[in-house]
Amino acid sequence: MSTPILQAFNISHGFDYQLFSNIDFELNLHESKAILGRSGLGKSTLLHILSTFIKPNSGDVKLFNKNIYSLDENEIEKIRRYDLGIIFQAHYLFKGMTALENLEIATILAETDIDNSLIEQLEISNNMHQKIGDLSGGQQQRVSIARVLSKKPKIIFADEPTGNLDRETAELVIRVLLDYIHNNNASMVLVTHDESMAKFCNKRYLLRNQKLEEFR
Ligand SMILES: Nc1ncnc2c1ncn2[C@@H]1O[C@H](COP(=O)(O)OP(=O)(O)OP(=O)(O)O)[C@@H](O)[C@H]1O
Ligand SMILES: [Mg+2]
């Protein structure tokens, strides 16, 4: 048995009120797991905890077998830059720049190269020289996915990556993400409210009553 690349133990967190308590979660190499649940129950918060951006009120997170709360800020920054690919619910592209320039920034920072086949697969080849502000919402979403995958991350954290997309384009995006994890020794945690997208993942979990329950 290989060691999971992500392990979370006993995670509890809340802001004004408790969102979840004593959640355990694991992710293995090549595995894709979907997290579903009603709006406002804490899916994005949990994803931010698993991806180092929020420290939970209690519990531990291990990435690549290292407890992230034992690392200094530099070490965490390195993991974020080279190993994690986070597709945020709101995509933070640089609006005044072209799609291509946005990808270039990511590849320079992560010391990788732009992958043209990825751009073709996402059907955004014709948009590369357009300014982000001139693209449709769904095109921007696909550029932000291309930008994250261009970094060649080992774990993708995707928060509603198909939220703005029609079904056909949404399926295309999920397939691109799953192809990526199979071809690049990577894994994915997908947050979605869409069960038909979650079905493409190896396992599905529902966040409900402050717990994460696996369901089929
Ligand atoms: N930084 C924060 N400070 C205070 N409250 C927060 C913060 N982040 C999230 N919350 C609150 O925590 C709750 C859960 O938010 P979260 O974004 O995790 O939900 P979600 O399940 O992702 O919802 P959605 O499906 O609508 O995206 C919400 O009530 C939200 O207002
Ligand atoms: Mg959310």
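Q: How do you know that the span of helix H3 (residues 99-110) agrees with its twelve residues?
A: The expected span is 1.5 Å times one less than the number of residues. For the twelve residues of H3 that gives 16 Å, and the end C-alpha atoms are 17 Å apart, so the two agree. Helices here are DSSP runs of H or I, at least four residues, and strands are runs of E, at least two, numbered from the N terminus. This is a predicted model: local features need pLDDT of at least 70, side-chain atom pairs count only at pLDDT 80 or more, and totals for chains, interfaces and linings use all residues. Residues are numbered from 1 along each chain as its sequence is written.

Q: Which residues of H3 are called buried, and what makes them so?
A: Ala99, Asn102, Leu103 and Ala106 are buried. The term requires 20 or more other C-beta atoms within 10 Å of a residue's own, with C-beta atoms placed from the backbone.

Q: What do the buried residues of H3 pack against?
A: They pack against helix H5 (137-150). Contact means C-beta atoms, placed from the backbone, within 7 Å.

Q: What makes E1 and E2 a pair?
A: Pairing takes at least two DSSP bridges. Strand E1 (residues 6-14) and E2 have six, in the antiparallel sense, so they pair. Ile11 has Ile23 in E2 as its bridge partner.

Q: Why are E2 and E5 at the edges of the sheet?
A: The open sheet runs E2-E1-E4-E5, with antiparallel pairing. Strand E2 (18-27) and strand E5 (66-67) each have a single partner strand, so one side of each lacks a neighbour in the sheet.

Note on methods. Chains lettered and ligands numbered in written order. Buried ≥ 20, exposed ≤ 12 C-beta atoms within 10 Å, placed from the backbone. Contact = placed C-beta atoms within 7 Å.
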